[in-house]
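Subject: Structure for your review

Dear colleague,

Please find below the structure that I agreed to pass on to you. My notes on it follow directly after.

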Amino acid sequence: MHVVWIFLLFIEEGFPLAQKTKDAGGGSKGVRPSQRPQRSRHCGNWVRNADGGTFSSPNYPNTYPPNKECLYVLEALPRQRIELLFDDTFYIEASFECRFDHIEVRDGPFSFSPLINRFCGSANPGLVLSSGRFMWIRFFSDEELEGIGFQVQYSFTADPEFHLHVGGLLNPIPDCQFELSGADGLIRSSQVEEEYKVRPDQAVDCIWTIRAPKNNRIYLRFLEYQMENSNECKKNFVAVYDGSNAIEDLKTD
């Protein structure tokens with residue numbers, strides 16, 4: 001059975017924490033780091049908790065290996081953002097504009113999300129903040145001149161753009177889920193109010209789960225689409241997941 005999850009999110013909301021790591025080897029000083037390297041097995045240590053955790057470059061605090069690519073995608077809970085705090089022991093091969101070995105941090109879940117910064121050399125990045133629920137982090141090393149690398153503590157904190165109501169509380173996000181099957185169907189955002197899932201003045205975090213029979217695929221065609229303040233998918237967005245709602249199944253094409 002093939003399953004597609006569709007998330008509809010309005011009014012600056014999000015969905016649960018998920019994390020993904022991927023590692024690989026490859027690259028050279030004459031080759032763009034974005035080219036896909038060969039896969040390898042070890043990509044540093046991870047500690048994961050509900051409120052954050054840590055991750056590090058391979059072999060930290062010893063020298064990281066050459067030809068590595070590690071991806072870390074963080075997703076915070078609703079109404080939260082992400083904070084990265086780099087340990088003091090930090091060194092990645094220095095280069096102009098960090099073109100060779102580096103750690104790259106982006107403000108969103110994708111490789112094309114807005115760049116926060118690239119870090120290399122011995123200058124500790126310190127505290128790095130996201131503007132929303134997602135952060136995309138990539139560590140890359142080429143075939144020569146390695147360093148001790150990095151270790152990062154990450155945590156999830158309240159997003160200051162959300163304003164507390166009387167009593168110091170935010171309005172709760174109501175449960176809003178739909179199950180769909182059959183040969184075809186139609187999904188409309190207006191279903192949320194029509195079926196009394198939420199009131200018009202409430203935040204929305206709704207899920208449509210589409211289930212297809214075995215050996216069938218699911219085809220989605222957007223007939224109409226308009227979202228307010230959705231350029232970077234921080235506030236209002238539609239997300240499509242292939243198979244589950246884990247971050248690694250988020251469709252980017």
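The notes below cover one strand, the salt bridges and the largest pocket. Please bear in mind that this is a predicted model.

Strand 11

I begin with strand 11, which spans residues 134–141. Eight of its eight residues are buried, so the strand is largely enclosed by the rest of the structure. In a regular strand, side chains point alternately to the two faces of the sheet. Both faces of strand 11 are covered. Phe134, Trp136, Arg138 and Phe140 are buried on one side, and Met135, Ile137, Phe139 and Ser141 are buried on the other.

Strand 11 pairs with strand 6 (residues 68–75) in the antiparallel sense, over eight bridges. Strand 8 (residues 102–106) also runs antiparallel to strand 11, and five bridges join the two. Phe139 of strand 11 has Cys70 standing opposite, and Ile103 also stands opposite Phe139.

Salt bridges

Side chains of opposite charge can pair when their charged atoms come close. The count for this model comes to five salt bridges. One of them joins the side chains of Glu69 and Arg138, with 2.7 Å from N to O. Glu69 belongs to strand 6 and Arg138 to strand 11, so this pair ties together parts that are 69 residues apart in sequence. Glu69 counts as buried at 11% relative accessibility, and Arg138 counts as buried at 5%.

Glu104 forms a salt bridge with Arg106, the closest N and O atoms being 2.6 Å apart. Glu104 also forms a salt bridge with Arg118, where the closest N and O atoms are 3.2 Å apart. That second pair links distant parts of the chain, since Glu104 lies in strand 8 and Arg118 in strand 9 (residues 115–119), 14 residues apart. Glu104, Arg106 and Arg118 are thus linked in a network of salt bridges. Within this network, Glu104 is buried, with a relative accessible area of 5%, and Arg106 is buried at 16%, whereas Arg118 is partly exposed at 26%.

The largest pocket

The largest pocket holds about 940 Å³ of space. It is lined by 32 residues, of which Gly185, Leu186, Ile187, Leu220 and Arg221 are the closest to its centre. By class, the lining has 19 nonpolar, seven polar and six charged residues. Strand 1 (2–10) and strand 14 (204–212) each supply at least two residues of the lining, and the largest share, four residues, comes from strand 14.

With kind regards

Notes:
Residues are numbered from 1 along each chain as its sequence is written. This is a predicted model: local features need pLDDT of at least 70, side-chain atom pairs count only at pLDDT 80 or more; totals for chains, interfaces and linings use all residues. Side-chain values use heavy atoms; hydrogens and water are left out. Buried means under 20% relative accessible area, exposed over 50%, partly exposed in between (1.4 Å probe, protein chains only). Two strands pair if DSSP finds at least two bridges between them. On a 1 Å grid over the protein atoms alone, a cavity is a set of points where a 1.4 Å probe fits but cannot get out, and a pocket is an open set with protein on both sides within 12 Å along at least five of seven lines; lining residues have an atom within 4 Å of a point. Grid points are joined across faces, edges and corners, and a volume is the space filled by probe spheres set on the points. Ala, Val, Leu, Ile, Met, Phe, Trp, Tyr, Cys and Pro count as nonpolar, Asp, Glu, Lys and Arg as charged, and the others, Gly among them, as polar. A salt bridge is a side-chain nitrogen of Lys or Arg within 4 Å of a carboxyl oxygen of Asp or Glu.
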